[in-house]
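Please open the model in your viewer and keep the selection panel at hand. The tour below moves from one selection to the next and says what is to be found at each stop.

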Amino acid sequence: MEIINIEVDFLVVGGGTAGCMAAVKAKQKSPDSSVLVLEKANIRRSGAIAMGMDGVNTAVIPGNSTPEQYVREITIANDGILDQSAVHKTGLLGFDVIQELEEWGVKFQKDNEGKYDLKQVHRVGKYVLPMPEGKDLKKILSRQVKRNKIKVINRVMATSVLTQNGRAIGITGLDVRSGDMYVIKSKAILLCTGACGRLGLPASGYLYGTYENPTNAGDGYSMAYQAGAKLSNIECFQINPLIKDYNGPACAYVASPFGAYTANATGNRFISCDYWSGQMMLEVWRELNSGKGPVHLKMYHLDESTISEIESILFDNERPSRERFHAGRGENYRRDGVEMNISEIGLCSGHSASGVQVDEFMRTSIPGLYAAGDMANVPHNYMIGAFVSGRVAAEHAMDYIKDIDHGDVDSDFINTERERLLAPLNNPNGIPHTQVEYKLRRFVNDYLQPPKSPKNMKIGLEKFIDYKNVLDELGARDPHELMRCMEIHFIRDCAEMAAKASLYRTESRWGLYHYRLDFPNRNDDEWMCNTIIKKSLENNEMTIFKEDLKPYLFDVNLNKEKYDVSVA
Amino acid sequence: MALTNNRVDVPVIVDESKCLDKCKACIEVCPLDVLVKNPDTGKAYMKYDECWFCLPCEKECPTGAITVQIPFLLR
């Protein structure tokens with residue numbers, strides 16, 4: 001294991017949606033600064049949108065909606081727990097991002113008059129803008145990175161954040177092909193490594209049959225935690241209504257504007273709105289437990305040309321292998337509903353609201369460390385939010401680094417990290433990562449899948465803590481297997497945080513995401529606040545505490561405005 | 001510790017008659033990095049059963065040598 005040392009001004013960890021945008025914006029703002037994108041896969045096809053995207057879900061377009069309306073809707077949808085100023089950024093800058101993407105060659109759907117053809121999927125307001133030709137989105141982004149002459153290192157996975165006196169000064173990384181170790185010093189670091197998509201175990205039992213791109217194992221959640229950053233509201237899980245077994249979106253966001261809807265076994269509606277929320281997921285859970293399941297996405301009542309149009313979008317974008325999944329089972333949207341199921345849990349602020357705590361400039365609680373995209377806690381942020389947060393972080397960071405020098409790397413820390421990375425390689429006959437990961441994630445299902453029970457969560461928490469010892473038994477035979485082993489460390493950290501946070505918030509909130517059987521009601525008197533997880537730097541223990549919400553920019557009366565999508 | 005090799009049905013199928021020896025397109029775009037070249041034959045194959053059935057390997061193969069199946073457990 002060689003050690004490769006690099007020094008840059010601004011390091012972007014993760015070359016997905018947020019990361020590509022951040023790198024371009026950093027370079028545009030400060031052309032003389034050195035910007036490096038570190039990517040575990042290859043930025044041409046990496047991250048959540050590796051195969052493109054069929055639309056944007058949070059488009060605030062003048063004439064259709066305002067940033068204030070958007071912030072109000074997300075405030076209500078997220079049961080009041082948010083930093084409105086961060087969500088407001090998505091509303092304020094999203095239109096700019098859309099226009100810039102258009103200049104780069106991304107096509108958005110327009111009506112006959114040439115206006116953006118927005119669709120209503122949310123409870124109130126039109127925020128969904130289709131991109132029927134969005135399949136090459138990632139290629140377009142990576143081309144911009146190249147055009148701006150930004151350095152990219154593919155196939156290197158960050159493993160830890162380096163700090164000095166409480167400031168972030170770099171990262172360590174693992175070349176997942178050569179096994180070399182990277183030590184990268186940077187004046188500012190942006191973590192944008194996506195969701196923790198490999199937390200729960202899919203019902204299929206296939207470790208990588210996840211909703212999220214399975215490369216996203218909670219890397220950033222874990223690295224930020226280990227460096228001492230605050231994470232917030234980790235009990236607010238990501239749970240999605242997905243195509244059963246396939247575990248991809250069905251996808252009502254695309255199909256519902258055409259007249260499709262989520263139905264129960266009798267073909268009737270049971271939710272009034274197909275926008276994903278914990279409240280919606282609770283309705284799905286109730287329906288499934290009422291004997292009216294399974295639920296399905298219903299399109300078979302639509303005419304041929306409409307179904308063909310839906311198919312042309314769904315079979316070309318985001319998860320195009322849907323087509324062969326359905327074909328293999330002899331399913332046809334003209335005749336069959338798309339059977340849906342409740343997914344295993346994950347952590348993702350792009351869809352729900354748990355992640356590394358950030359302010360409106362995407363600063364974490366550690367100076368020099370930023371977070372963006374799915375891992376940064378800006379509720380319901382989706383793809384536009386990832387672009388915006390990447391941009392905001394980069395532009396702020398380029399100011400921050402002006403008066404900053406590189407830190408000094410602690411050689412003891414590097415040696416310890418090197419030993420940690422070498423351990424599985426030195427134990428080639430140890431337990432394979434597949435088995436270690438399977439069991440850990442099965443425990444996540446057994447003890448954390450909502451509805452949540454206190455004793456279950458306690459057992460889970462103990463098991464996840466004990467599992468540190470199991471990680472010592474991991475064996476790897478090559479750098480690729482070592483990558484998977486180190487990802488299990490990330491997953492274990494996320495599991496422990498998920499159990500700890502779920503036990504702490506003694507109320508129910510966000511519908512199914514945090515539905516506790518022992519505290520079934522929302523309790524605003526005690527819990528209209530953030531829960532913060534942070535590693536104690538004195539004894540390395542996981543601590544959890546309440547923190548006040550930031551004052552709202554816009555008053556919302558949450559007693560009056562309840563997010564209710566049930567069909568009476 | 002004793003280890004054994006389990007047989008698995010892998011999702012990514014490579015038609016070796018079409019796979020070009022010097023081409024690495026599929027290997028470079030796979031997010032999970034599961035494809036490698038067989039050093040003896042120069043042909044790509046799926047070394048690690050860790051597939052998201054996302055299709056970049058199939059789409060970017062210049063000769064159409066690759067077919068991605070839905071993994072058996074989901075199929």
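Begin by selecting the residues of chain B and chain A that touch each other: in this predicted model, the contact draws 29 residues from chain B and 41 residues from chain A. Putting the two chains together buries an area of about 3000 Å², and carbon and sulfur atoms account for 55% of the area buried between chain B and chain A.

Stay at this interface and turn to its charged side chains, where eight salt bridges are found between chain B and chain A. For one of the salt bridges, select Arg155(A) and Asp33(B), whose closest N and O atoms lie 3.7 Å apart, within the 4 Å that the salt-bridge rule allows. If you then display polar contacts, the count between chain B and chain A is 24 residue pairs, with both residues of a pair at pLDDT 80 or more.

Next, colour the helices of chain B. Helix H1 (25-29) and helix H2 (56-60) of chain B each contribute at least two residues to the side of chain B that touches chain A, and H2(B) gives the most, with four residues. Which classes of residue make up this side of chain B? The side of chain B that touches chain A consists of 20 nonpolar and nine charged residues, with no polar ones.

Now leave the interface and select, within chain A, helix H5 (residues 219-227) and helix H14 (residues 479-504), whose axes come within 8 Å and cross at roughly 75°. With that crossing angle, H5(A) is therefore roughly perpendicular to H14(A). To see the contact itself, show Asp219(A), Tyr221(A), Ser222(A), Met223(A), Tyr225(A) and Gln226(A) on H5(A), together with His489(A), Phe490(A), Asp493(A), Cys494(A) and Met497(A) on H14(A). By class, the residues in the contact of H5(A) with H14(A) comprise six nonpolar, three polar and two charged.

For the last stop, select helix H3 (residues 84-103) and helix H10 (residues 382-400) of chain A, where the axes come within 9 Å and cross at roughly 95°. Here too the two helices are described as roughly perpendicular, H3(A) to H10(A). On H3(A), display Lys89(A), Thr90(A), Leu93(A), Gly94(A), Asp96(A), Val97(A), Ile98(A) and Leu101(A), which meet Ile384(A), Gly385(A), Phe387(A), Val388(A), Arg391(A) and Val392(A) of H10(A). Colouring by class divides the residues of the contact of H3(A) with H10(A) into eight nonpolar, three polar and three charged.

Conventions: Residues numbered from 1 in each chain as written. Chains lettered and ligands numbered in written order. Predicted model: local features only at pLDDT ≥ 70, side-chain atom pairs only at ≥ 80, totals over all residues. Heavy atoms only, no water. Contact = heavy atoms within 4.5 Å. Buried area = accessible area lost by both parts, 1.4 Å probe. Polar contact = N/O pair within 3.5 Å; in protein donor to acceptor, adjacent residues only side chain to side chain. Nonpolar A, V, L, I, M, F, W, Y, C, P; charged D, E, K, R; others polar. Axes fitted to C-alpha atoms, helices over the stretch in contact; angles between N-to-C directions. Parallel < 35°, antiparallel > 145°, perpendicular 65-115°, else oblique.
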